[in-house]
Amino acid sequence: MARSIADQTDAELGGTWSILVRQKRDHVHLDRLLHQLGETRPSSTERRDVLHRVARLVFPHAFAEESVVWPAARRVLPDGEALTLQVEQEHQEVNELWTELESDGLPLERHQALVDRLVEVLREDVRDEEDALLPRLQDALSTARLRALGVAWEAVRRTAPTRPHPLVARRPPGNALAALPLTVIDRSRDLLDVGARHGSAAMAPALHRGSTALAGVAGRVEQAGVLRHGDRPSTHRGRDR
């Protein structure tokens, strides 16, 4: 059985630019953030800040996986379809949980239940990737190819959407078509939200309204049927609920 990438050094994984090293480093960062999240109170500013950092790590990371890494896995692994589908289903649940978590007027008990499940799914996702999918990819690809995937993944990650979009496909071509409009919207909202949290109190309401308006635009973009192309029906558990 292949070794988990969690138990291997950067050199064994192919060096700094290997997709395996890039993935492992983000997973280590995520683990630290999830520990911080567990030490916060549901209604606290600290929790909102940690959740913000988790989202800005998780969603670009997953989008780049779905756009670059998992298509490569399906091409080279005999069971790549099943392995990537499992991870895509976990990504979809994270999108759905996070969308509900951002709802207005959420009771504290429901908020905590959503956070608990979110942490559980994120940890399951890391285990599935590090212990099963990525070691198989390591066995199937040369170091040069792993590094090329790492470069491509990093480029996509730096220009990817930063928020949940549960209606968008988890696979090309839908996710690729969604990238540009949703990235522009998400990163504009990020700037507005940072200004609302850390800027002057007088400007905060206007900045919040601007972010909310852009959220509505993102919702309308997600409804475009072409952005759903490429998915497997079993991925989107909540689409027709």
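What follows covers helix packing and empty space in this predicted model.

Start with helix 2 (residues 19-38), which has two packing partners described here. Against helix 3 (residues 45-76), the packing angle comes out at about 155°, and the two axes sit 10 Å apart. Since angles over 145 degrees count that way, helix 2 is roughly antiparallel to helix 3. The crossing of this pair is left-handed. On the helix 2 side, the contact involves Ile19, Gln23, Asp26, His27, His29, Leu30, Leu33, Gln36 and Leu37. Helix 3 answers with a set that includes Val50, Leu51, Val54, Leu57 and Val58, along with Arg47, Arg53, His61, Glu65 and Trp70. Sorted by class, the residues of this contact come to 11 nonpolar, 5 polar and 4 charged.

Helix 5 (108-140) is the other partner of helix 2 in this account. Here the angle is about 160° and the axes are 11 Å apart, so helix 2 and helix 5 are roughly antiparallel too. This crossing is also left-handed. From helix 2, the residues that meet helix 5 include Leu20, Lys24, Asp31, Leu34 and His35. Facing them in helix 5 are residues such as Val115, Val119, Leu122, Arg123, Val126, Glu129 and Glu130. The class split for this contact reads 9 nonpolar, 4 polar and 5 charged. Gln23, His27, Leu30 and Leu37 of helix 2 turn up in the contact with helix 3 and again in the contact with helix 5.

Further along the chain, helix 7 (174-198) and helix 8 (204-222) pack at about 160°, with 8 Å between their axes. That pair is therefore roughly antiparallel, and helix 7 passes helix 8 in a left-handed crossing. Helix 7 brings Pro181, Leu182, Ile185, Ser188, Arg189, Leu192, Asp193, Gly195 and Ala196 to the contact. Among the helix 8 residues they meet are Ala204, Leu207, His208, Gly210, Ser211 and Leu214. The tally is 12 nonpolar, 5 polar and 2 charged residues.

Now for the empty space. Searching the whole structure turns up 2 cavities of 30 Å³ or more. The largest cavity holds about 160 Å³. Its lining has 16 residues, with Leu30, Val58, His61, Leu122 and Asp125 closest to the centre. Helix 2, helix 3, helix 4 and helix 5 each give two or more residues to that lining, and helix 3 has the largest share, 6 residues. The lining divides into 8 nonpolar, 4 polar and 4 charged residues. Leu30 and Val58 also belong to the contact of helix 2 with helix 3.

The second largest cavity has about 110 Å³ of space. Its lining includes Phe59, Phe63, Glu66, His91, Asn95, Arg163 and Leu182. Helix 3 gives the most here as well, with 4 residues, and the classes come to 6 nonpolar, 3 polar and 3 charged.

Finally, the largest pocket has a volume of about 1,200 Å³. Of its 35 lining residues, Leu101, Glu102, Ser103, Arg163 and Arg189 lie nearest the centre. Helix 8 supplies the largest share of the lining, 7 residues, while helix 3, helix 4 (80-101), helix 5 and helix 7 each supply at least two. The pocket lining has 13 nonpolar, 11 polar and 11 charged residues. Arg163 also lines the second largest cavity, and Arg189 is part of the contact of helix 7 with helix 8.

Methods. Residues numbered from 1 in each chain as written. Predicted model: local features only at pLDDT ≥ 70, side-chain atom pairs only at ≥ 80, totals over all residues. Heavy atoms only, no water. Axes fitted to C-alpha atoms, helices over the stretch in contact; angles between N-to-C directions. Parallel < 35°, antiparallel > 145°, perpendicular 65-115°, else oblique. Left-handed = near helix turned anticlockwise from the far one by under 90°. Contact = heavy atoms within 4.5 Å. Nonpolar A, V, L, I, M, F, W, Y, C, P; charged D, E, K, R; others polar. 1 Å grid on protein atoms, 1.4 Å probe; cavity = no way out; pocket = protein on both sides within 12 Å on 5 of 7 lines; lining within 4 Å. Points joined across faces, edges and corners; volume = space filled by probe spheres on them.
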